Amino acid sequence: MALTTFSDLVSEAREQVLTDAVAAGVLHDGVALNQGGNGATAYADAVATYLALAVDRSADFWCTLATWSPQPKNELVAHAFTRQALPMTWDFAEANPFSTSGGNFAGNLAFIIKVVQESSGSFRIGHVKQVDVTTTIPAINLPLICTDPPYYDNIGYADLSDFFYVWIRRSLGTVYPDPCRTVLTPKMQELVAIPYRFGGDAEKARQFFEEGLKKAFVHMRGAQHPHYPLTVFYAFKQTESEEDHTEKGNNASVVASTGWETMLAGLLTTGFAVTGTWPMRSERSARSVAIGTNALALSVVLVCRPRPENASLSTRREFMAALKRELPDALKKLQHGNIAPVDLAQAAIGPGMAVFSHYAKVLEADGTPMRVRTALALINQVLDEVLAEQEGEFDADTRWALAWFEQFGFDEGPFGVAETLSKAKNTSVSGLVEAGILAAKAGKVQLLRRDELAADWDPTRDRRVIVWEVTQHMIRTLEQEGETGAAALVQKVGGLGEVGRDLAYRLYGICERKKWAQEALAYNSLVIAWPEIVRLSVQSSSQVQEGLF
Ligand SMILES: C[S@@+](CC[C@H](N)C(=O)[O-])C[C@H]1O[C@@H](n2cnc3c(N)ncnc32)[C@H](O)[C@@H]1O
């Protein structure tokens, strides 16, 4: 009832705005916003558009999928779209549109107003057109193409859009007659491999997606201005769409993803090569799925140009050698740029694919061309190796702790195994106990959890400071005292702090493989907070300097 009423009121408000604008002396030329107008009619259309968006925002709260978020969290009406899906709910909370609490209309409108106020008013020539990219690329003089393609079967955008579209159509159907022509959003052309659109046939859905994406890239290649690269944004976690796929044979047993594979295969078969990559922070860190989870925070921007005609062939062995040559440096750069561990595997696809796509073909031992899937698995494998090689930068105790952690986590393990491992790593169990990271009793040993580590640890007095404990203490302090506390600790450990952060990448990788999500989150959080921790520690050390002089 409320949604219907508010939607209908948008048209009434539009009439009122038009009357007021004309009365205020704005040119009444009758040209709609949709037709490029900028007089009173276009002004009324614009205000109506913003109001309709506020009603749409309200739909997210005024529906039976809105739930109650109870104490101790926040006690409010939680909106329906906390994920890119419509979840099943057992009960719902009803927001009062006229209240001053969560989901009320004035609050929803306030968000839209904020966006308007923050937006630059200087753009005069933006155009939006709805077209099917598999059949048309809009004709533009200087096409600089930048695309954010769909993720295989991951998100049903058109289905989800209907949730909002029905209200937009009701309030703005006459303002935007063309895109509001259809009763629901168009589905047939949508590039998404959802089997139910094809009578449950997963194979047909796959074919439709792959062929459609290829057609889209062919069109883009044809339309693209030769002086500019095509840029492709891709924000999809490799492991998100499926269970681990392991490649048998070929010495590779790593995760590869259908989403990434189909997208890259589409790009490469149409003659593009990846010439650069930019990991880019594109998602709001407080986005609901990101809070308390290991959600991706970045898009990988792939910079693509047509592959040169004279690109050479390569063998699998040459490809692997080139990966091993190029990836360590690329990885160092990514880590220096403070890429979150959760994003590292995605970000490494860029430099890896740059190597792969540089060749006309990479040939397998039997003469067949290597599949993108295999290349992705090999990139992941080399990434793992490179990360493992970085272990050389850690002290012996830390290398022991890493190997132990990989096998036992924070659980108990047999003393004998610990002893053998300590010989291999050139340290000793008693030394590790003395260093304060290990408990050993009754034939069992156990790595101390963060909350079991000495509470009054002072690195300046510790005679055996090891990177492992630096990392764990930094995380514990971050969790308990926030970034300021962690900064004070970093000031004390000096350069070891940075090495401790590097260790967090390695530990994240182990936790992800072992599916220890909670523990992985701790390492991811340290890297994400790192720039702020460093900033605060530099700030407080320069304050000390001021005091001195
Ligand atoms: C990853 S999303 C892009 C999201 C966008 N960058 C944003 O921030 O809103 C992929 C988009 O591709 C669109 N899409 C799917 N099939 C299409 C087709 N055949 N033609 C044009 N667009 C299509 C989907 O509707 C979806 O909006």
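**Exercise 1. A salt bridge along a helix**

Task: Decide whether Lys423 counts as buried, partly exposed or exposed, then find its salt-bridge partner and explain how the two are placed in the helix.

Solution: Start with Lys423 in this predicted model. Its relative accessibility is 60%, and the cut-off for exposed is over 50%, so Lys423 counts as exposed. Next, look for the partner: Glu419 forms a salt bridge with Lys423, and their closest N and O atoms are 3.6 Å apart. Glu419 has a relative accessible area of 27%, so this residue is partly exposed. Finally, place both on the chain. Glu419 and Lys423 sit in helix H11 (residues 415–424), and because they are four residues apart, about one helical turn separates them.

**Exercise 2. A salt bridge between distant parts**

Task: Work out which parts of the chain are linked by the salt bridge of Lys187 and Asp162, and whether these residues are buried or exposed.

Solution: Begin with the geometry: the side chains of Lys187 and Asp162 meet at 2.6 Å, N to O. Then locate each residue. Lys187 belongs to the loop between H4 and helix H5 (202–223), while Asp162 belongs to helix H4. The two are 25 residues apart, and the pair links distant parts of the chain. As for burial, both Lys187 and Asp162 are buried. To put the pair in context, the structure holds 25 salt bridges.

**Exercise 3. A small network**

Task: Name the residues that are linked with Glu15 in a network of salt bridges, and compare the accessibility of Glu15 with that of Arg14.

Solution: One link joins Glu15 to Arg14, with 3.2 Å between the closest N and O atoms. Asp45 completes the picture, as Arg14, Glu15 and Asp45 are linked in a network of salt bridges. Now turn to accessibility. Glu15 is partly exposed, at a relative accessible area of 44%, whereas Arg14 has 15% relative accessibility and counts as buried.

**Exercise 4. Two residues with positive phi**

Task: Locate Tyr152 and Ala442, give their phi values, and say how accessible each is.

Solution: Take Tyr152 to begin with. Although it is not a glycine, Tyr152 has a positive phi of about 55 degrees. Its place is the loop between strand E3 (146–147) and helix H4 (157–172). With a relative accessible area of 11%, Tyr152 is buried. Now do the same for Ala442, a residue that is not a glycine either and has a positive phi of about 50 degrees. Ala442 lies in the loop between strand E10 (438–441) and strand E11 (444–447). Ala442 is exposed, with a relative accessible area of 80%.

**Exercise 5. An aromatic pair**

Task: Classify the geometry of the ring pair formed by Tyr234 and Trp260, and state which elements this pair ties together.

Solution: A pair of aromatic rings is described by the distance of the centres and the angle of the planes. For Tyr234 and Trp260 the centres are 4.6 Å apart and the planes stand at 75 degrees. Angles over 60 degrees count as edge-to-face, so that is the class of this pair. Tyr234 lies in strand E4 (residues 230–234) and Trp260 in helix H6 (residues 258–269), so the pair ties together parts that are 26 residues apart in sequence. Both residues, Tyr234 and Trp260, are buried. The structure holds 17 aromatic pairs; elsewhere, ring pairs link Phe6, Trp62, Phe98 and Phe105 into a cluster.

**Exercise 6. From core to surface**

Task: Describe the largest nonpolar core, then find the residues of a nonpolar surface patch that includes Val116.

Solution: The largest nonpolar core has 130 residues, and those with the most contacts inside it include Met263, Leu264, Phe319 and Met353. Helix H13 (residues 467–493) gives the largest share of this core, 11 residues. Follow Met353 further: among the residues it touches are Leu264, Val274, Val372 and Ile379. On the surface, Tyr50, Leu53 and Val116 make a nonpolar patch of about 240 Å². Val116 is placed in helix H3 (residues 105–118) and is partly exposed, with a relative accessible area of 38%. For the whole chain, buried residues make up 46% of the 549 residues.

How values were computed:
Residues numbered from 1 in each chain as written. Predicted model: local features only at pLDDT ≥ 70, side-chain atom pairs only at ≥ 80, totals over all residues. Heavy atoms only, no water. Patch = residues over 30% accessible without salt bridge, like charges linked within 9 Å, V, L, I, M, F, W, Y side chains within 5 Å. Areas by Shrake-Rupley, 256 points an atom, 1.4 Å probe, with all protein chains shown as cover. Salt bridge = Lys/Arg side-chain N within 4 Å of Asp/Glu carboxyl O. Buried < 20%, exposed > 50% of the residue type's maximum accessible area, 1.4 Å probe, protein only. Core = buried A, V, L, I, M, F, W, Y, C linked by side-chain atoms within 4.5 Å. Contact = heavy atoms within 4.5 Å. Phe/Tyr/Trp six-rings, centres within 6.5 Å; stacked < 30°, edge-to-face > 60°. Lists of a residue's contacts leave out its neighbours within four places in sequence.
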